[in-house]
Amino acid sequence: MEAEAISSAPSAPELAREELRALFEQMVRVRTVDARLAALGDAGRVGFLPRALGREAALAGALHALEAGDWLFPTHGDWPVALLRGMDAASFAHRVFGTASDPLKGRDIPSGLSAKGLKIASVSAPAATHLPHAVGLAWSARQRGEALVSAALFDGPEVDAADFHTGVNFAGVMKAPTLFLCRVKDGEPGAAEHAVAYGVAATRCDATDLREVIAAVREARERALSGDGATLIDLVVGGDDAAMDKARAELGSGDLDEAAIARRVEEELASAIDAASRASEPALGTLFSDVYEAIPPHLDRQRDEIVR
């Protein structure tokens with residue numbers, strides 16, 4: 001199988017000021033929620049939820065280039081995709097606190113913000129295990145004639161995991177419409193250099209620049225849907241504030257009131273967190289729900305004992 005050479009990032013698209021402003025507001029939203037959740041974590045009110053600092057442009061840009069029907073396979077650090085895909089503050093808070101209103105019934109850690117309706121797959125704890133899953137879904141969708149791609153988000157160190165190579169090999173052989181989005185620090189090796197071994201395309205872009213991210217993901221998506229298979233994209237991230245600073249500089253001051261945006265998000269989030277923190281926990285009996293189509297007799301007896 002002949003592989004495509006690693007290419008430079010495609011030409012960045014023109015973005016209207018209103019479009020750029022909307023993306024920046026999403027980035028501010030992520031940054032504001034991140035700070036609030038970090039404070040809750042420090043206070044011991046919520047469990048494990050890694051910081052998303054520095055990922056704002058990579059996530060907002062990638063989701064802008066994808067379509068609503070495309071499936072996302074995130075890591076725990078990618079919890080902002082739920083907000084970017086449209087999860088409301090109330091649902092988000094119930095998921096983070098694991099209340100009785102949490103669709104996952106409190107079974108996953110706060111950063112496991114999967115949502116079938118938003119096309120966000122379950123988050124796996126072991127490194128890179130979600131990559132073969134992303135390829136399998138994309139390949140299956142193509143077999144059914146569905147025009148969608150899967151986008152697997154992961155970090156540079158996961159390239160060393162066996163499942164990274166399993167997933168990319170699977171995608172190369174089957175020409176699955178999967179986008180592998182690897183966040184990597186400048187100067188460090190990423191995923192793209194492995195593309196030639198598996199017969200897939202690859203590119204590398206500045207993940208602090210919204211336009212570059214959108215261009216790279218959009219081109220890879222079009223390529224996948226045309227039947228040309230998967231692409232490995234190295235998203236080169238900067239420091240915690242690099243993406244925000246670049247977006248601020250491009251927009252300029254003008255009518256942009258970042259503080260007002262943050263206040264609106266804070267108010268919305270505060271109300272949702274207050275409600276979720278006072279909500280009841282999932283009933284013990286739900287431990288057995290959504291596990292088996294028909295609960296085995298011995299587990300049925302255990303459930304009866306618990307609920308009594």
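**Cavities, a pocket and a helix pair**

Helix α9 contributes four residues to the lining of the largest cavity, the most of any element. This cavity belongs to a predicted model and holds about 70 Å³ of space. Its lining consists of L20, M27, A57, T208, D209, L210, R211, A243, K246, A247 and E250. At least two of these residues come from each of α1 (17–42), α8 (210–228) and α9 (242–251). By character, the lining comprises six nonpolar residues, one polar and four charged.

In total, the structure holds three cavities of 30 Å³ or more. The second largest contains about 50 Å³ of space, and R29, V33, L83, A89, F92, V265, E268 and L269 line it. Here α10 provides the largest share, three residues, while α1, α4 (89–97) and α10 (258–278) each give at least two. Six of the lining residues are nonpolar and two are charged, with no polar ones.

The largest pocket encloses about 240 Å³ of space. Of its 15 lining residues, R55, D155, R183, K185 and V237 lie nearest the centre. Strand β3 (residues 178–185) supplies the largest share of this lining, three residues. Seven charged residues line the pocket, together with five nonpolar and three polar ones.

A further feature is the packing of two helices. The axes of α5 (residues 130–143) and α6 (residues 162–174) approach within 7 Å and cross at roughly 20 degrees. Because of that angle, α5 is roughly parallel to α6. The crossing is left-handed. On the α5 side, L131, P132, V135, G136, W139 and R142 meet D163, F164, T166, G167, F170, A171 and M174 of α6. The residues of this contact divide into eight nonpolar, three polar and two charged.

Terms used. Residues are numbered from 1 along each chain as its sequence is written. This is a predicted model: local features need pLDDT of at least 70, side-chain atom pairs count only at pLDDT 80 or more; totals for chains, interfaces and linings use all residues. Side-chain values use heavy atoms; hydrogens and water are left out. Axes are lines fitted to C-alpha atoms, for helices over the stretch in contact, and angles run from 0 to 180 degrees between N-to-C directions. Angles under 35 degrees count as roughly parallel, over 145 as roughly antiparallel, 65 to 115 as roughly perpendicular and the rest as oblique. A crossing is left-handed if the near helix is turned anticlockwise from the far one by less than a right angle, and right-handed if clockwise. Contact means heavy atoms within 4.5 Å. Ala, Val, Leu, Ile, Met, Phe, Trp, Tyr, Cys and Pro count as nonpolar, Asp, Glu, Lys and Arg as charged, and the others, Gly among them, as polar. On a 1 Å grid over the protein atoms alone, a cavity is a set of points where a 1.4 Å probe fits but cannot get out, and a pocket is an open set with protein on both sides within 12 Å along at least five of seven lines; lining residues have an atom within 4 Å of a point. Grid points are joined across faces, edges and corners, and a volume is the space filled by probe spheres set on the points.
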